[in-house]
Structure formats: C-alpha cells, structure tokens
Amino acid sequence: MSSAALHRPLPFITRVRVENYKSIAHCDVALGRFTVLLGLNAAGKSNFLDALRFVRDALAQGPAEAVAARGGWEEVLRRVPEPATSCTIGLEFHLPATTPDGETWVGWYEITLAPPTPTRAGRDAGSGVRIKREFCEMRHPGAKGETGTELFVVRDRAGTGRRQSVLELPRVSDTEPFGELHGTLTEMFFYSPDLANLRKANPNTPTAGALGEDGGDLGPALAALGDEERQRISQYLGVIVPGVVDVGPTDPSADYIAARINFAIDGETEPHVFRAESMSEGTIRAIGLLTALFQPEAREGWIPLVAVEEPELALHPLAAGALYDALTEASEHVQILATTQSAELFDRKEADLSAIRVVAAEHGVTVIGEVDPVSRSIVADGLATTAELLRSDQLRPVVEPPAEPEGAE
C-alpha cells in the first residue's frame, strides 16, 4: 500500500462550485468529512452528485463520452430560465504527499465545457465537446508565491482554428503531483445500486472482491471483507433488522457466491440462513450500503470519497439512527456525501446540523447552501424538528453569490 493511501487527509473535496450544470445555475458548496444534501424530491440533489461524477467520468473516459452517457448536451446544460451555452465545475481538494516525509497538497481543479462550434454549413465542427478552459493549481499549504506551486491553464482559442477537446490532466498524469490528483479523482465511488444486481450470485474468482457502483459483486465483496469490517456490518444490520446475527457470503468454496444472513428466531437454537434472493428489499439494500461504506478500498484510503443516494430507501424510519451512526463511523476513514429527502437522519440530539446542505428548487433552478440561521434557531429551541421544517418546505438554504473563477485574469 502506498503512503498516499495510508495518510490520506479528510475530507478530500472541500468545496464544489458548479455553474449551469443540469438544474444548477450556480452553487458554491463547502463539504466536510460527512455531508448530507437534504431536500424534497426533484430539488436537484442528484444533479449535484452527478456534477462530481461527471468530472470523474470525463477524466477516466473522456469529456465527450461523459456527455454522451448523460444523453448529450440537451441533458447536461441548464435550460431554464434561459438556455446556457457552457457549464463549469470546480473542485477544491486536499491531497496527501506521495512520500512518507513529503508535504500535502491543496489546490483547485476546474473545467468549463461547451458543445462543439457549428460550421458555416450548420454542422458540428466535430462530435463531442469544446474544452473552453481547464485550470489546475496545486500548492503546499503555507507556500508563498511560486514556491511549492504547480500550475497549468489550458484555453480554447476561438477563431484560431485550434479546438481544445482533450483534457490536460490525464495527459500529464504520468508526472507528479498531477498524477496523484488524477488518480484520486478517478477513484471517487458513486454508489447507486440496482436491486437485481444486489441479489445476483457472481463468479467466485481470485480477482473478485470489489463492490460495483451498481451493487454488483456483493457476494465476492462480502467475502473480501476483513473480520473487523464484517463484524461491524453485522452489528449495524442487527440494529436495522433485529434478529440478524451475521452477514457474509454464501459457500466461499462455490463457483458462484451471493450475500447471505444468519437470522436468529426466538425459541430456536440454530439460526436460519437466508440467501440474497430470499431477503426483503430493505435488508439487501442495507447490506449493500454497509458494504459500500466499510469495503477495504474505502477503509484503507484507496477510495477518497463515497457518494450515496437515498441511504434510507426501503428501510423503516427507526433504522435512521443506525444509518446515521454507520455513515458517521465510515466518515472517519473516507469522505461521505449522501443525498436524502428524509430528515429523520438528523432528528436526534447528537446530529450535527452543520453537516446538512439544504437543496431547494426555485422556479425550476436548484439552489444549495447551509441551513439558514432561522431554521437552526427553530430546531435548537425545540419549536420544530428538521423533518417538520422539510415537510412543510420551510427549510431554506443560505446561498452565496457567484465567485470569480480560480485563476481568472
């Protein structure tokens, strides 16, 4: 294991600035080790997560491929109240040093993308995207001037015949510290499981063991867990689903393995074994979520950020406390970013409202910010709970005005 993985600081992404991406006209959002995007259905929570995932996909697969995977520019660019012509996503980050005695890096990475410029005949000058601007600055904390700073800026030069369509960061990923940044951004994990994949038995091969973002390979992923991680998952699931005493894979010597639980029934000495296909939707979803949070790659620092949509899906409200504890514990090892439309996660005394980013839709445009002071005061004085404010659509975000782009001249 590299020293970078061992000494990864938290959080990895400390700030996200988005302009004109899907329903988001503008947002400038600070992130902590554990951050929850809280808002009603269709407010735009998933679009914020997808902006981060778009950066990951653009770096790993190419920006044109990332746009195409989302249905093209019609689905990527903001359309109301007026159509946008480009979008910008900027990330402030904190990276570990690549040597045990080295220094950490902080910096800003930002891309501005647009559709390709039409030709005089009305056809695209080429398929894919135009990279209007790509900016990356990395520096040692406390460094002044140019000392300890690495920087590049790439611009598309309109009218010169030069069209920038390939991102620079992947091109320089064989040099440090840009290689560490590229590798870390492309290892962000966006968990959005499919129920059929969670239930499916997968080949039991020597290379199996990584959980898929779609919930695939859950059985092999459970088999790859260490004793401590498996015990923690079993303990949390036992709170969420009373009676569960153990979680793990089916027969580890079989050619195909899936998830299974041991379930204790009052009056019986031996627990009953349930395979994935026999579990309730809530149970199998909880196992997949807990595996995503406690998988070795996240615990050991290889995955810098785990993003989860609707962790409470298909679970009873009483499970919220256990989910909050699991998400909080996981954030000691990996940055956690979650979305929810249920404030039950924070209806407890120890819940930290500073972890909430309120997401609301105003005239079809998504706004995101910290909980406003009035809402904080109402909750602190016991006049209403966070859930009650959300259900009555009285939970409002504090919205910061647009800031100048990093490295602007």
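A residue counts as buried when its relative accessible area is under 20%. In this predicted model, Asp50 has a relative accessibility of 6% and therefore counts as buried.

**Salt bridges**

The model contains 24 salt bridges. Three of them are listed below with the separation of the closest N and O atoms.

| Acidic residue | Basic residue | N to O separation |
|---|---|---|
| Asp50 | Arg53 | 3.2 Å |
| Asp57 | Arg56 | 2.7 Å |
| Glu82 | Arg78 | 3.2 Å |

Asp50 and Arg53 lie three residues apart in helix α2 (residues 45-61), so about one helical turn separates them. Arg53 is also buried, at 18% relative accessible area. In the pair of Asp57 and Arg56, Asp57 is buried at 9%, and Arg56 counts as buried at 10%. For the third pair, Arg78 is buried with 7% relative accessible area, whereas Glu82, at 41%, counts as partly exposed. Salt bridges link Asp50, Arg53, Arg56 and Asp57 in a network that also includes Lys22, Arg70 and Glu213.

**A polar contact in strand β2**

Asp28 is located in strand β2 (residues 24-30) and, at 18% relative accessibility, counts as buried. The side chain of Asp28 makes a polar contact of 2.7 Å with the side chain of Arg15.

**Packing of helices α9 and α10**

Helix α9 (residues 227-240) and helix α10 (residues 281-294) have axes that come within 10 Å and cross at roughly 145°. This crossing of α9 and α10 is right-handed. Helix α9 contributes Glu229, Ile233, Tyr236, Leu237 and Ile240 to the contact, and α10 contributes Thr283, Ala286, Ile287, Leu290, Thr291 and Phe294. Of the residues in the contact of α9 with α10, eight are nonpolar, two polar and one charged.

Terms used
Residues numbered from 1 in each chain as written. Predicted model: local features only at pLDDT ≥ 70, side-chain atom pairs only at ≥ 80, totals over all residues. Heavy atoms only, no water. Helix = DSSP H or I, 4+ residues; strand = E, 2+ residues; numbered from the N terminus. Buried < 20%, exposed > 50% of the residue type's maximum accessible area, 1.4 Å probe, protein only. Polar contact = N/O pair within 3.5 Å; in protein donor to acceptor, adjacent residues only side chain to side chain. Axes fitted to C-alpha atoms, helices over the stretch in contact; angles between N-to-C directions. Left-handed = near helix turned anticlockwise from the far one by under 90°. Contact = heavy atoms within 4.5 Å. Nonpolar A, V, L, I, M, F, W, Y, C, P; charged D, E, K, R; others polar. Salt bridge = Lys/Arg side-chain N within 4 Å of Asp/Glu carboxyl O.
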